[in-house]
Amino acid sequence: MNQKPRTAWLYLSPMLLVLIVVALWPLGRTIWFSLTDANINDIDAAKFVGLENYFGEYGLFANPNYTDGFWESDWGISIINTLKFSVVSVTIETLLGLGVALLLNQEFKGRAWVRAAVLVPWAIPTIVSAKMWGWMLHDQFGVINQWLYDLGLVAQKVAWTADPDFALWTVVAVDVWKTTPFMALLILAALQVLPKDCYEAARVDGVHPLRLFWRVTLPLIKPALMVAVIFRLLDALRIFDLIYVLTSNSNSTISMSGFVRREMVDNGYMGYGSAASTALFLIIGLCTVAYIRIGRMKLGED
Amino acid sequence: MTFKLKSAILAAIAPVALMASAQAATITISCGSVGQDFEFCKKHTSEWAAKTGNEVKLFTIPNSTTDILALFRQMFAAKSTDLDVINVDVVWPGVIKDHLVDLSKYSNGAEKNHFPAIVKNNTVDGKLLAMPWFTDAGLLYYRKDLLAKYNAKAPATWEELAVVAKKIQDGERAAGNADFQGFVFQAKAYEGLTCDAVEWLTSYNGGNIVDADGKITVNNPSAVKALKTAASWIGTIAPQGVLNYAEEEARGVFQNGNAAFMRNWPYAWSLGNGKDSKIAGKIGVSALPKGGADGKNAATLGGWQLAVSKYSKNQEAAASLVMYMTSPEVQKERAIKGSYNPTIASLYTDKDVLAANPFFGSLYDVFTNAVPRPATATGLKYPEVSAAFWNATHDVLSGKTSAEDSLKKLEGKLNQVRRGKTW
């Protein structure tokens with residue numbers, strides 16, 4: 001009887017080992033670094049400083065040098081930027097993805113082709129699509145400005161990626177373009193396994209299609225939708241590459257990951273940067289827990 | 001059998017190879033990727049390889065100096081042996097001093113022929129960490145043909161520049177070129193903006209962010225005036241898009257004939273007069289304007305050095321490559337064909353060099369009196385100081401904050417970066 005668990009552990013051990021090496025060890029090391037004053041110039045000279053990087057005189061939180069308050073500090077701004085970006089982009093992506101999935105779920109000729117074509121933006125590496133959009137949105141040579149200008153929609157070409165009023169929303173737009181297919185695909189998968197008889201019955205009873213959608217389709221695909229949104233939310237909260245390549249990297253668009261990179265790599269503060277990285281990890285965890293809680297609550301009401 | 005034969009042959013040729021020039025090594029070098037950097041690097045390194053029997057590999061690096069430094073610091077932290085020779089920006093020696101080899105034992109005194117100010121910049125704690133390769137100073141490029149067309153002279157002050165640029169911009173736009181811009185420069189949030197903004201501050205006598213003693217001087221009325229002036233250009237004579245322009249973006253607009261003035265480094269001269277340039281032969285160069293009548297001309301000191309990584313496995317061969325790349329012959333060819341400013345004074349009186357770049361002679365003082373960024377005073381923390389400064393400047397240029405508020409906030413932030421009395 002004792003044999004079974006032992007065999008299970010034996011089979012699991014390679015996977016556990018890999019997890020320890022690629023996930024647990026780097027995470028533990030980052031947390032350890034966050035408690036030291038390590039500098040990239042000479043990592044071996046790092047000293048233990050406790051929670052100084054988090055709550056100390058020059059720490060992330062409760063820093064007395066933040067004369068304009070926490071939310072005006074670079075770290076505060078990067079948290080706000082990231083949350084703004086995540087909420088807006090994931091909301092739009094979910095709505096659009098749902099629409100696209102409903103369309104693709106219909107029977108029509110050439111459906112397989114359209115489904116494949118829709119996936120193209122998702123298949124392009126982010127750096128490539130960011131560069132591509134960077135050129136299309138260029139204020140002097142960009143094709144988008146040229147169209148808007150030719151159609152008379154703008155009097156002056158707009159610096160989409162440079163103007164602080166537009167930069168963050170431009171990033172949201174490109175992210176929506178890129179990840180809507182992902183959402184559509186996940187939702188489509190859920191739509192495909194819905195039982196046909198519910199719809200048959202509704203058709204016989206003459207239920208209005210909108211009512212059918214709200215009362216039948218949406219509740220049935222909700223679990224899949226929740227999972228899709230969580231995937232996207234986790235991804236969006238650690239946004240880095242798109243902002244880094246597309247915008248001028250000023251404070252107006254900096255994300256939490258961007259802040260971590262700047263402190264760790266550009267400024268060389270391995271310790272402080274690791275503290276920010278650990279805080280980022282905790283914030284993402286917190287968002288996920290909050291999101292699941294809210295999802296469950298609504299589920300309970302039903 | 002074959003094994004024995006092989007080792008016999010190896011034993012026989014080994015001393016010969018050693019005599020030739022140590023043993024053949026493969027040296028990896030990073031040269032830069034702006035303008036013609038890569039082509040020149042390929043040519044000169046292969047010349048050295050052919051001479052010495054070594055092999056050279058080129059290492060491609062990012063375009064922006066901020067990204068290059070970040071990459072090198074990561075490689076140094078990992079004690080990477082991938083790179084032997086690295087290109088060093090003029091503001092870096094204080095930042096990466098612990099990772100470079102002292103070149104004085106390989107140079108045989110060659111550094112004495114180079115500009116003393118740059119050699120001093122590259123010498124930290126008595127060690128010659130890098131050999132000067134080319135120097136840079138910010139210049140004002142203008143369109144000779146357009147100035148003549150609108151009866152204007154090259155501007156002496158920033159105020160004059162704004163007036164002339166506006167006049168040309170309005171005229172050219174009315175004539176049908178809707179995309180025409182008065183003035184383009186570097187205002188993306190990166191090191192290049194620090195270079196541009198140091199010029200504005202200095203030209204208005206607004207100091208240099210941090211003075212030589214490490215005192216933070218940036219929050220002063222002249223600096224406010226300088227940033228206000230620069231912010232007034234955005235949307236009037238410069239496109240909003242300059243807020244995302246680095247050197248190459250600005251050159252793209254100017255070289256396509258879509259701008260009257262441009263602030264850029266000397267490398268833009270030879271490219272602007274190249275075969276595929278729309279404005280070849282129409283470019284004039286002058287010192288950057290003064291900040292008002294009481295101001296002065298100021299050009300930020302730029303330029304690159306070559307150094308040997310401490311983690312290189314072939315330091316001697318790497319040093320030999322550095323000495324070849326910084327030699328008068330190579331610098332002369334780079335000056336003639338690429339308008340890269342030599343760091344050797346005698347080349348500024350060389351006939352061939354002056355024929356290719358007339359402004360090397362007329363602007364000699366600009367190159368020798370260029371203003372260094374406060375890298376020496378701030379040492380290891382320079383990248384952070386510079387980032388705080390360019391972010392504050394970017395906020396003013398984009399209209400997000402007023403110059404007064406932004407500089408006040410910057411002062412507080414720099415105090416925080418300093419963390420105590422000394423940098």
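**Helix pair α2/α12, chain B**

I started with the crossing of α2(B) and α12(B), and it comes out right-handed. Worth jotting down straight away: this is a predicted model. I then pulled the geometry of the pair: α2 covers residues 37-52 of chain B, α12 covers residues 315-325, the angle is about 125 degrees and the axes are 10 Å apart. So I'm calling α2(B) oblique to α12(B); angles over 145 degrees would count as roughly antiparallel.

Next I asked which residues make the contact. On the α2(B) side I have His44(B), Thr45(B), Trp48(B) and Thr52(B). Facing them from α12(B) are Ser320(B), Leu321(B), Tyr324(B) and Met325(B). I sorted the contact by class and got an even split, four nonpolar and four polar, with no charged residues.

**Helix pair α3/α10, chain A**

I moved over to chain A for another helix pair. Here α3 (residues 74-104) packs against α10 (residues 209-237) at an angle of about 150 degrees, and the axes are 9 Å apart. I noted the hand of the α3(A) and α10(A) crossing as well: right-handed.

From α3(A) I listed Thr82(A), Phe85(A), Ser86(A), Ser89(A), Val90(A), Glu93(A) and Thr94(A). From α10(A) the list reads Val229(A), Arg232(A), Leu233(A), Ala236(A) and Leu237(A). How many of the residues in the contact of α3(A) with α10(A) are charged? I get two, next to six nonpolar and four polar.

**A sheet in chain B**

Then I traced a sheet in chain B. I find four strands in an open sheet, ordered β8-β9-β7-β10, and the pairing is mixed. The edges are β8 (181-184) and β10 (283-286) of chain B, each of which pairs on one side only. Ignoring direction, I get an average turn of 15 degrees between neighbouring strands of this sheet.

I zoomed in on one strand pair, β7 (residues 139-143) with β9 (residues 259-264) of chain B: they run antiparallel and are joined by four bridges. I picked out Tyr141(B), which sits opposite Met262(B) in β9(B). What packs on the sheet? I found helix α7 (residues 158-174) of chain B there, touching β8 and β9 of chain B, with its direction at about 140 degrees to that of β8(B).

**Domains of chain B**

I stepped back to the domain level. Chain B splits into domain 1 (2-135 + 302-368) and domain 2 (139-300 + 372-418), so I had two segments to select for each. I put the C-alpha centres of domain 1 and domain 2 of chain B 30 Å apart.

For the interface between them I count 22 residues of domain 1 of chain B in contact with 24 residues of domain 2 of chain B. On the domain 1 side, α3 (65-77) and α13 (328-338) of chain B each supply at least two residues. I see the largest share, three residues, coming from α3(B). By class, this side of domain 1 of chain B has eight nonpolar, 13 polar and one charged residues.

**Chain B against chain A**

My last lookup was the chain interface: 27 residues of chain B are in contact with 23 residues of chain A. Which helices of chain B each supply at least two residues of its side? I have α3, α18 (382-397) and α19 (403-418) of chain B. I also split the chain B side by class and got nine nonpolar, 11 polar and seven charged residues.

Notes. Residues are numbered from 1 along each chain as its sequence is written. Chains are lettered from A and ligands numbered from 1 in the order in which they are written. This is a predicted model: local features need pLDDT of at least 70, side-chain atom pairs count only at pLDDT 80 or more; totals for chains, interfaces and linings use all residues. Two residues are in contact if their C-beta atoms, placed from the backbone, lie within 7 Å. Ala, Val, Leu, Ile, Met, Phe, Trp, Tyr, Cys and Pro count as nonpolar, Asp, Glu, Lys and Arg as charged, and the others, Gly among them, as polar. Axes are lines fitted to C-alpha atoms, for helices over the stretch in contact, and angles run from 0 to 180 degrees between N-to-C directions. A crossing is left-handed if the near helix is turned anticlockwise from the far one by less than a right angle, and right-handed if clockwise. Angles under 35 degrees count as roughly parallel, over 145 as roughly antiparallel, 65 to 115 as roughly perpendicular and the rest as oblique. Two strands pair if DSSP finds at least two bridges between them.
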